[in-house]
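Got your viewer open? Load the model below and keep the selection tool handy; we'll go stop by stop.

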Amino acid sequence: MNIAHVALWTRHLDAQRAFWRDFFSATSNEKYVSQNRAGFASYFMSLHNGPTIELMTVPELADAPNAAECVGWAHIAINVGDVGAVDQMAEKARQQGRLASAARWTGDGFYEAVILDPDNNRIELVAG
C-alpha cells in the first residue's frame, strides 16, 4: 500500500498552486470547479515522486485552530534531495518571508528546514 494523495484546504487556491510549482516544481491539472457543490474548486499537484497533493477551497472555509500544536496533521515532510537542496530552498523561503526554522541537523538525525505555505501550514524540507 501507499498514499495516493493528501489534501489541503486553503483560502488561497491559486497562491497555493503557484507555491507548490515554485518551490517543488510540482505540475498541476486544470482547475476543477464542482457543478454539485457551489464554490468548491481544487487542483491536484504532482511531485516528481510520491503522492499528489490536492489543494481544495470553498467559500465557507472555517479558520484553523490558533495553536501550533493541536489535533490533526502537524506538517508534511518532503524529501528534496540532499543537504545542498535543503539549504538552497531554505534560503529561497527566507527571502520570501516563509522560513519558519533554519536548516539544521535534528536530534533524531535529519537535516531539515521548515517553511510555511500561503496559509502558514508547516512543510519540512528534508535531505534524503
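**Stop one: helix α2**

Begin on the outward side of α2: select Q88 and Q95, and you'll see two exposed residues. One thing to keep in mind as you click around: this is a predicted model.

Now show the whole of α2, residues 83-95. The helix has 13 residues and spans 18 Å from its first C-alpha to its last, close to the 18 Å expected at 1.5 Å a residue.

Next, colour A85, V86, M89, A90 and A93, which are buried in α2. Turn the view until you look down the axis of α2: the buried residues fall within an arc of 130 degrees, so they line one face of the helix. The general rule behind this picture is that an α-helix has 3.6 residues a turn, so residues three or four places apart point the same way.

What do the buried residues of α2 pack against? Bring up α1 (13-24) along with the strands β6 (76-81), β7 (99-105), β8 (111-116) and β9 (122-127), and you have the partners.

Before leaving, check both ends. At the start of α2, zoom in on D82: one of its side-chain oxygens comes to within 3.2 Å of the backbone nitrogen of G84. Just after α2, pick G97, which has a positive phi of about 75 degrees.

**Stop two: where α1 meets α2**

Show α1 and α2 together. Their axes come within 11 Å and cross at roughly 140 degrees. Angles over 145 degrees would count as roughly antiparallel, and α1 and α2 are therefore oblique to each other. To see the meeting point itself, select D22, F23 and F24 on the α1 side, then M89, K92 and A93 on the α2 side. M89 and A93 should look familiar, as they are among the buried residues of α2.

Stay in α1 and click F19. Is F19 buried or exposed? It counts as buried, at 4% relative accessibility. Now add D117: the two residues are 98 apart in sequence, yet their C-alphas sit 7.0 Å apart in space. D117 is also one of the residues F19 touches; leaving out anything up to four places away in sequence, the others are F24, R98, I115, L116, P118 and I123.

**Stop three: two buried serines**

Head over to strand β7 and select S101. This serine is buried, with a relative accessible area of 18%. Neighbours within four places in sequence aside, S101 is in contact with A113 and V114.

Then jump to S42 in strand β4, residues 41-46. S42 is buried as well, at 3% relative accessible area. Which residues is S42 in contact with, leaving aside neighbours within four places in sequence? Light up L13, then E30, K31 and Y32, then E54, L55 and M56.

**Last stop: two loops with positive phi**

Most residues other than glycine have a negative phi, which makes a good cue for checking backbone angles. Go to the loop between α1 and β2 (27-28) and pick S25. Its phi is positive, about 55 degrees, although S25 is not a glycine. S25 is exposed, with a relative accessible area of 59%.

Finish in the loop between β8 and β9, where you'll find N120. Here too the residue is not a glycine, and N120 has a positive phi of about 70 degrees. N120 is exposed, at 54% relative accessible area.

Notes. Residues are numbered from 1 along each chain as its sequence is written. This is a predicted model: local features need pLDDT of at least 70, side-chain atom pairs count only at pLDDT 80 or more; totals for chains, interfaces and linings use all residues. Side-chain values use heavy atoms; hydrogens and water are left out. Helices (H or I, at least four residues) and strands (E, at least two) are DSSP runs, numbered from the N terminus. The expected span of a helix is 1.5 Å times one less than its number of residues. Buried means under 20% relative accessible area, exposed over 50%, partly exposed in between (1.4 Å probe, protein chains only). The arc is that of the directions from the helix axis to the C-beta atoms. Contact means heavy atoms within 4.5 Å. A polar contact is a pair of N or O atoms within 3.5 Å; within protein, one must be able to donate a hydrogen and the other to accept it, and residues adjacent in sequence count only if both atoms are side-chain atoms. Axes are lines fitted to C-alpha atoms, for helices over the stretch in contact, and angles run from 0 to 180 degrees between N-to-C directions. Angles under 35 degrees count as roughly parallel, over 145 as roughly antiparallel, 65 to 115 as roughly perpendicular and the rest as oblique.
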